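Thanks, everyone. I would like to walk through a few side chains here, starting with the aromatic residues and ending with a threonine.

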Amino acid sequence: PEVLRQIKRRTIAKLRGQVSPVPREVLGRFLPSWHRVGAGDRHQKLIDAIAQLEGLPLSYQELVRMILPMRVRDFHEGRLDELGALGQLVWVGHSPLRNDDGRIMLFRRDRVDRLLIPATVDEAGADFDDRHHLLLAHLEARGASFHAELLTLLAEAGPERTHDAIWDLVWAGLITNDTFAALRTRAARRGSRPAQHTHRPRFPRHGAREMPTFLGGRWSLVRDLIRDPVAPSERAYAWGVTLLERHGIVAKETAAVEALGGGFGNVYRVLRSMEEAGKIRRGYFVEGLGGAQFAYSGTVDGLRRVSDEDAEAEVVALAAADPANPYGWLLPWPPFAGSGGRGGPTTAAT
């Protein structure tokens, strides 16, 4: 057994040293193709595009205006509702960005048990008042409820303060909706002033008539999405596979934008075990990232092919938060030719 262990250790060490690192600019050309982003690559199914974005906190507006349209031909927001109605897709709030936007995480319903650790009131409820606790108690006792029911429940608070409480719970990761209508309507409030606690509700205009603040859908507890909780080791393995599918090359730096329960340490142990089992490779594949980088063998080969190819003249516009764009988080923004500035805060071109 000791001889076999030595052979295994030396084989792994040899594999680690076989690949010399590529310049970090190569990662900027590799990731768009890895995500099949661009005019010629928008042939994938919506659910397949979501699989690579699963569990990543992303701005809802950037998600539907840039990130998904760059991957899926003829994408429109209603297609998210279609997947939700088919029981294939759920969303969970992560954090607010502006009065009209916030970060959400998308999950395939059959994977949410393995990836999501639901937030608790103790973790998120330091500033909650009676409105928040009444809403949570109602949803726990009655289950999924339409928005009108919640307005009736908090009739004394008024629509505006009820809306505020609902969104507080959404961004705390405690409640969600079975459609994307609330997010769409909130996005339509672009340019409206920040919410104030008044007794007169403000409704966004749609054409010549006023529309209610929320359209359709039922609110429910996020924890109700978790039907079969899994062990921490199984969740760490699921996250390891998710990171490999999303980033191609996984290093400690990738955890900076991920909503990893327990941090990167648990995932690192899983990735190391996968390497020892011969499922993935570990090495120093990309300059500028941490020394412990993990990838499937085929991914490393693809990265090398991109490095050996001549850079094409095609320009791809990406949202700054798109995981297909490594600049600004994995890699520093490159300077623009002829200027001393850095890349822009909204989009990047590769």
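**Aromatic pairs and a buried threonine**

Let me begin with W91, which is buried, its relative accessible area being 1%. Please keep in mind throughout that what we are looking at is a predicted model.

Across the whole structure, a search finds 6 aromatic pairs. One of them is formed by W91 and F180, whose ring centres are 6.2 Å apart and whose planes stand at 40°, so the pair is classed as tilted, the class between stacked, under 30 degrees, and edge-to-face, over 60. This pair joins distant parts of the chain, because W91 belongs to strand 2 (residues 89-98) while F180 lies in the loop between strand 5 (175-177) and helix 11 (181-187), 89 residues away. F180 is likewise buried, with a relative accessible area of 2%.

Turning to the other tryptophans, W167, W171 and W219 make up one aromatic cluster. The ring of W167 also has the charged end of R186 sitting over it, at 4.5 Å from the ring centre.

Finally, the threonine: where in the chain is T254 placed? T254 falls in the loop between helix 12 (232-247) and helix 13 (263-276). With a relative accessibility of 1%, T254 counts as buried, because the cut-off for that label is under 20%. A polar atom of the T254 side chain lies 2.6 Å from the backbone oxygen of A251. Leaving aside residues up to four places away in sequence, T254 touches H247, I249, F264, W329 and L330.

Technical notes. Residues are numbered from 1 along each chain as its sequence is written. This is a predicted model: local features need pLDDT of at least 70, side-chain atom pairs count only at pLDDT 80 or more; totals for chains, interfaces and linings use all residues. Side-chain values use heavy atoms; hydrogens and water are left out. Rings of Phe, Tyr and Trp (its six-membered ring) pair if their centres lie within 6.5 Å; planes under 30 degrees apart count as stacked, over 60 as edge-to-face and the rest as tilted. Helices (H or I, at least four residues) and strands (E, at least two) are DSSP runs, numbered from the N terminus. Buried means under 20% relative accessible area, exposed over 50%, partly exposed in between (1.4 Å probe, protein chains only). A charge sits over a ring if NZ of Lys or CZ of Arg is within 6 Å of the ring centre and within 35 degrees of the ring normal. A polar contact is a pair of N or O atoms within 3.5 Å; within protein, one must be able to donate a hydrogen and the other to accept it, and residues adjacent in sequence count only if both atoms are side-chain atoms. Contact means heavy atoms within 4.5 Å.
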